[in-house]
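This report looks at how side chains and strands are arranged in one protein model. Please keep the sequence and the structure in view while reading.

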Amino acid sequence: MHYGLKLRVKKSWWLYTLLLLHSTFLLLFFDEHNTGAIFFIAFGYGYPLLLVAVLYRYSQNEIFFTPRRLNIDEEKISSNFDDGYTEISWKHILKLKFMHGYWLLYISKNQFIYIPTSAFKSETDLNAFKNLLAENCPT
């Protein structure tokens with residue numbers, strides 16, 4: 001299962017279950033003149049399917065899954081991958097989130113740098129990274 005889809009289902013499984021149960025209930029007992037019921041049936045079955053389709057489409061964009069090597073220092077974060085190189089200054093990091101074993105360093109409202117804790121070779125490297133985050137990033 002695609003990681004984005006897995007994360008979305010893990011966070012909101014109860015919502016999708018409720019939508020499907022509610023839609024099934026309405027489907028079994030709805031009055032065909034009730035347009036509200038028709039809308040909720042369509043939405044309850046359609047939204048989860050649309051979500052799967054959108055996330056599947058993003059999973060086909062290989063640039064998202066290209067292996068990268070990050071070099072992190074006091075001035076910037078640089079990223080090397082097969083056919084490219086990028087640099088991001090610490091001042092461009094707008095927001096920082098730590099979530100279950102990885103960091104998200106936001107460079108815009110919807111773009112972030114994903115850094116898993118498993119990427120660090122040693123506890124010393126991890127602690128040095130945490131110190132750089134404390135010095136350079138807003139929380």
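## Charges over rings

The charged end of Lys95 is placed over the ring of Tyr106, at 5.2 Å from the ring centre. The model is a predicted one. A second arrangement of this kind involves Arg68, whose charged end sits over the ring of Phe81, 4.7 Å from its centre.

## The three-stranded sheet

Three strands make up an open sheet in the order β1-β2-β3, and their pairing is antiparallel. In general, strands of a sheet pair through backbone hydrogen bonds, in either a parallel or an antiparallel way. The edges of this sheet are β1, residues 68–72, and β3, residues 84–89, each of which pairs on one side only. On average, neighbouring strands are turned by 15° against each other, with direction ignored.

Which residues can be used to follow the pairing of β1 with β2? Leu70 stands opposite Ser79 of β2, and Ile72 has Ile77 of β2 as its bridge partner. The antiparallel pairing of β1 with β2, residues 76–81, runs over 5 bridges. These two strands form a hairpin, with 3 residues between them.

The pairing of β2 with β3 is also antiparallel, and it runs over 6 bridges. Here Asn80 has Tyr85 in β3 as its bridge partner. β2 and β3 form a hairpin too, this time with 2 residues between the strands.

## The nonpolar core

In soluble globular proteins, nonpolar side chains tend to be buried together. In this model, the largest nonpolar core has 15 residues. Which of them touch the most other members? They are Trp90, Ile93, Trp103, Leu105, Ile113, Phe129 and Leu133. Three elements give two or more residues each to this core: β5 (102–106), β6 (112–116) and α3 (123–136). The largest share, 4 residues, comes from α3.

Ile113 can be taken as one example from this core. Its neighbours within four places in sequence are left aside here. Beyond them, Ile113 is in contact with Leu70, Ile77, Ile88, Ile93, Trp103, Leu104, Leu105 and Ile107. Two residues in this list have already appeared in the sheet: Leu70, which stands opposite Ser79, and Ile77, the bridge partner of Ile72.

## Aromatic pairs

How many aromatic pairs does the structure hold? There are 10. One of them joins Trp103 and Phe120 in an edge-to-face arrangement, with 6.3 Å from centre to centre and 90° between the planes. Because Trp103 lies in strand β5 and Phe120 in the loop between β6 and α3, this pair ties together parts that are 17 residues apart in sequence. Are these two residues buried or exposed? Trp103 is buried, and so is Phe120.

Trp103 also forms an edge-to-face pair with Phe129, at 5.0 Å centre to centre and with 80° between the planes. This pair links distant parts of the chain, since Trp103 is in strand β5 and Phe129 is in helix α3, 26 residues apart. Trp103 and Phe129 are both buried, and both are among the residues that touch the most other members of the largest core.

Elsewhere, Phe39, Phe40, Phe43 and Tyr47 form one aromatic cluster.

Methods:
Residues are numbered from 1 along each chain as its sequence is written. This is a predicted model: local features need pLDDT of at least 70, side-chain atom pairs count only at pLDDT 80 or more; totals for chains, interfaces and linings use all residues. Side-chain values use heavy atoms; hydrogens and water are left out. A nonpolar core is a set of buried Ala, Val, Leu, Ile, Met, Phe, Trp, Tyr and Cys residues joined through side-chain atoms within 4.5 Å. Buried means under 20% relative accessible area, exposed over 50%, partly exposed in between (1.4 Å probe, protein chains only). Contact means heavy atoms within 4.5 Å. Two strands pair if DSSP finds at least two bridges between them. Axes are lines fitted to C-alpha atoms, for helices over the stretch in contact, and angles run from 0 to 180 degrees between N-to-C directions. Rings of Phe, Tyr and Trp (its six-membered ring) pair if their centres lie within 6.5 Å; planes under 30 degrees apart count as stacked, over 60 as edge-to-face and the rest as tilted. A charge sits over a ring if NZ of Lys or CZ of Arg is within 6 Å of the ring centre and within 35 degrees of the ring normal.
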